[in-house]
Amino acid sequence: IGSKLLGRFADENEAVQWVQSLFAKSNLVYTPQFNFVLKISSVHVATSGENLHWDQGSSCRMDAGAQLDQFTLYQHSEQNGLWHLFDDCFFEGDGTA
């Protein structure tokens, strides 16, 4: 979770609960249609004191592609099949997925 998105919540716990609710809603579609369940094994919340190259901070200096490129280079502490990046930076012409 990027630090700009974190700013929309009261604290890290509320941000993690939001992500959990997104996964629960996604599983309402994925489980019956594809017979699999998305699970959260870990959540990293970017805080203002960290130096994470993929974190936009409040400036939103990168477009979506540049942020995802930086996120791809990030060395995750765990091996998972899939990582999701949630943040709150939108630019005209950028798509969201």
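A residue counts as exposed when its relative accessible area is over 50%, as buried when that area is under 20%, and as partly exposed in between. These classes are applied below to a predicted model, and the first case taken up is N35, whose relative accessible area of 68% is over the 50% cut-off, so that this residue is exposed.

N35 is found in the loop between α2 and α3, and its backbone has a positive phi of about 60° although the residue is not a glycine. Most residues other than glycine have a negative phi. A second positive value occurs at C60, a residue other than glycine whose phi is near 50°. C60, too, lies in the loop between α2 and α3, but its relative accessibility is 11%, and because this is under 20% the residue counts as buried. The loop between α2 and α3 therefore holds an exposed residue with positive phi, N35, as well as a buried one, C60.

Helix α2 comprises residues 12–34, and several of the features described here involve this element. L28 has its place in the helix and, with a relative accessible area of 65%, is exposed, because that value is over 50%. In sequence L28 is 23 residues apart from L5, and in space the two are 24 Å apart, C-alpha to C-alpha. F34 is also found in helix α2, and together with Y30 and F36 it makes a nonpolar surface patch of about 290 Å².

A search of the whole structure finds seven aromatic pairs. One of them is formed by W18 and F86, whose rings are 5.6 Å apart centre to centre with 80° between the planes, an arrangement that is edge-to-face. This pair links distant parts of the chain, since W18 is in helix α2 and F86 is in the segment after α3, with their positions 68 residues apart in sequence. W18 has a relative accessible area of 31%, which lies between the cut-offs of 20% and 50%, and the residue is therefore partly exposed. W18 and F86 further belong, with F9, to one aromatic cluster.

F86 is also among the residues touched by G2, which, when residues up to four places away in sequence are not counted, contacts A46, W54, D55, F86 and D87. G2 lies in the segment before α1, the helix of residues 3–6, and counts as buried because its relative accessibility of 0% is under 20%. With respect to helix α2, whose residues are 12–34, a distance is available for E14: G2 and E14 are 12 residues apart in sequence and 14 Å apart in space, C-alpha to C-alpha.

Two of the residues touched by G2, namely W54 and D87, also appear among the contacts of Q67, which touches W54, Q56, M62, L85 and D87, again not counting residues up to four places away in sequence. Q67 is found in helix α3, which comprises residues 64–73, and its relative accessibility of 7% is under the 20% cut-off, so that the residue counts as buried. With D87 the contact includes the side chains, as a polar contact of 2.9 Å joins those of Q67 and D87.

D88 lies in the segment after α3 and touches K4, L5, R8 and C60, residues up to four places away in sequence not being counted. The contacts of D88 thus include C60, one of the residues described above for its positive phi. Side chains of opposite charge can pair when their charged atoms come close. In this model the count comes to one salt bridge, and it is in a salt bridge that the side chains of R8 and D88 meet, with a distance of 2.5 Å from N to O. The pair links distant parts of the chain, as R8 is in the loop between α1 and α2 whereas D88 is in the segment after α3, 80 residues apart. The two partners fall into opposite classes of accessibility: R8, at 60%, counts as exposed because this value is over 50%, whereas D88, with a relative accessible area of 13%, is buried because this value is under 20%.

How values were computed: Residues numbered from 1 in each chain as written. Predicted model: local features only at pLDDT ≥ 70, side-chain atom pairs only at ≥ 80, totals over all residues. Heavy atoms only, no water. Helix = DSSP H or I, 4+ residues; strand = E, 2+ residues; numbered from the N terminus. Buried < 20%, exposed > 50% of the residue type's maximum accessible area, 1.4 Å probe, protein only. Polar contact = N/O pair within 3.5 Å; in protein donor to acceptor, adjacent residues only side chain to side chain. Contact = heavy atoms within 4.5 Å. Patch = residues over 30% accessible without salt bridge, like charges linked within 9 Å, V, L, I, M, F, W, Y side chains within 5 Å. Areas by Shrake-Rupley, 256 points an atom, 1.4 Å probe, with all protein chains shown as cover. Salt bridge = Lys/Arg side-chain N within 4 Å of Asp/Glu carboxyl O. Phe/Tyr/Trp six-rings, centres within 6.5 Å; stacked < 30°, edge-to-face > 60°.
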